[in-house]
Amino acid sequence: GKEKKEISYIVNTYEIVRAGKNMIPEFQISYRGQTIDDLTVTRFAIWNSGNRLLNSNDIVDTKPLSITSNDDGPYILDASIIKRSEESNKFTIDKKSAHCAELQFNYMDKQDGIIVQILHTGSAKDISLLGLIKGGKKLKNAEKRITVIKNKKISANSLDKW
């Protein structure tokens, strides 16, 4: 078959506190000393769904893999990789600003992937995975599919178990 470069992802969200300060006046929540009204955990499973190896230089420099929100959208409080299919991929995540966390990797074999956990304010509908693969397809939201990452079935409903 035809060779293709492709990255797919699934998103799962858990609202921890929604408008907490408004609902219970005595209740306060803070993160690293900053008072917040909302706390949401959003997890992204991200993997090489193409049929060729991806190297870090396959990602366009000016459009890196990143999890972002609009400047007036949710604040990204923390970003971490909570699961890897392969340690040697050397995935890292770096919070660049209150609205952007950038992903980097050395390489991704077919079906290699990670799960990234983002702690943020606001709603998950305002958080996106962005990036551009040189000569490849756009990032693919695979929410409606069950897929296999390194012999483990994963879907939006089973994301927290992977």
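**Reading Gln117 and its surroundings**

Q: In which strand is the place of Gln117?

A: Gln117 belongs to strand β11. The structure is a predicted model, and every statement below should be read accordingly.

Q: How is burial to be read for such a residue: is Gln117 buried or exposed?

A: One compares the relative accessible area with a cut-off, and a residue under 20% is called buried. Gln117 has a relative accessible area of 17% and is therefore buried.

Q: With which side chain does the side chain of Gln117 make a polar contact?

A: The partner is Arg43, whose side chain makes a polar contact with that of Gln117 at 2.8 Å. Arg43 also appears among the residues in contact with Gln117 once neighbours within four places in sequence are left aside. The others in that list are Val41, Thr42, Asp78, Ala79, Ser80 and Ile82.

Q: What does Ile118 touch, not counting residues up to four places away in sequence?

A: Ile118 also lies in strand β11. At 0% relative accessibility it counts as buried, because the cut-off for that class is under 20%. Ile118 touches Thr40, Val41, Thr42, Phe44, Ile67, Ile76, Asp78, Ala79 and Ile93, with residues up to four places away in sequence not counted. A separation in space may also be set beside one along the chain: the C-alpha atoms of Ile118 and Thr13 are separated by 9.4 Å, with the two residues 105 residues apart along the chain.

Q: How does one read a nonpolar core, and which residues of the largest one touch the most other members?

A: One looks for the members with the most contacts inside the set, then for the elements that supply them. The largest nonpolar core has 25 residues, of which Ile7, Phe44, Ile46 and Val116 touch the most other members. The elements giving two or more residues to this core are β1, β4, β7, β9 (100-104), β11 and β12 (127-130). Another core, of eight residues, lies apart from it and includes Val17, Ile36, Leu77 and Leu119.

Q: Which residues does Val116 touch, not counting residues up to four places away in sequence?

A: With that exclusion, Val116 touches Thr42, Arg43, Phe44, Ile46, Ile67, Ser80, Ile81, Ile93 and Leu103. Phe44 and Ile46 are themselves named with Val116 among the members that touch the most others in the core.

Q: How is strand pairing read, and in which sense do β1 and β4 pair?

A: One takes the sense of the pairing, the number of bridges and then individual partners. β1 and β4 pair in the antiparallel sense, over ten bridges. Within this pairing, Ile10 stands opposite Ala45 in β4. β1 is also joined by two bridges to strand β13 (residues 140-141), and these strands run parallel. Here Tyr9 has Asn141 in β13 as its bridge partner.

Q: How are salt bridges read, and how many does the structure hold?

A: For each pair one notes the N to O distance, the places of the partners and their exposure. The structure holds seven salt bridges. One of them pairs Glu3 with Arg52, with the closest N and O atoms 3.6 Å apart. This pair links distant parts of the chain, 49 residues apart: Glu3 is in the segment before β1 (7-17), and Arg52 is in the loop between β4 (39-48) and β5 (54-55). Glu3 is exposed, at a relative accessible area of 54%, whereas Arg52 is partly exposed, at 35%.

Q: Which other salt bridges can be examined, and what network do shared partners form?

A: Lys96 and Asp94 form a salt bridge, their closest N and O atoms being 3.2 Å apart. Lys96 is partly exposed, at 48%, and Asp94 is partly exposed as well, at 38%. As for the network, salt bridges with shared partners join Lys4, Glu6 and Lys137. Within it, the side chains of Lys4 and Glu6 meet at 3.7 Å, N to O. Lys4 is partly exposed, with a relative accessible area of 31%, while Glu6 is buried, at 3%.

Q: Why does a positive phi deserve attention outside glycine?

A: Most residues other than glycine have a negative phi, so a positive value departs from what most show. Lys90, not a glycine, has a positive phi of about 55°. Lys90 is in the loop between β7 (76-84) and β8 (92-97) and is exposed, with a relative accessible area of 57%. Gln111, also not a glycine, has a positive phi of about 70°. Its place is in the loop between β10 (107-108) and β11 (113-120), and at 25% relative accessibility Gln111 counts as partly exposed.

Notes
Residues numbered from 1 in each chain as written. Predicted model: local features only at pLDDT ≥ 70, side-chain atom pairs only at ≥ 80, totals over all residues. Heavy atoms only, no water. Salt bridge = Lys/Arg side-chain N within 4 Å of Asp/Glu carboxyl O. Helix = DSSP H or I, 4+ residues; strand = E, 2+ residues; numbered from the N terminus. Buried < 20%, exposed > 50% of the residue type's maximum accessible area, 1.4 Å probe, protein only. Contact = heavy atoms within 4.5 Å. Core = buried A, V, L, I, M, F, W, Y, C linked by side-chain atoms within 4.5 Å. Polar contact = N/O pair within 3.5 Å; in protein donor to acceptor, adjacent residues only side chain to side chain. Pairing = 2+ DSSP bridges.
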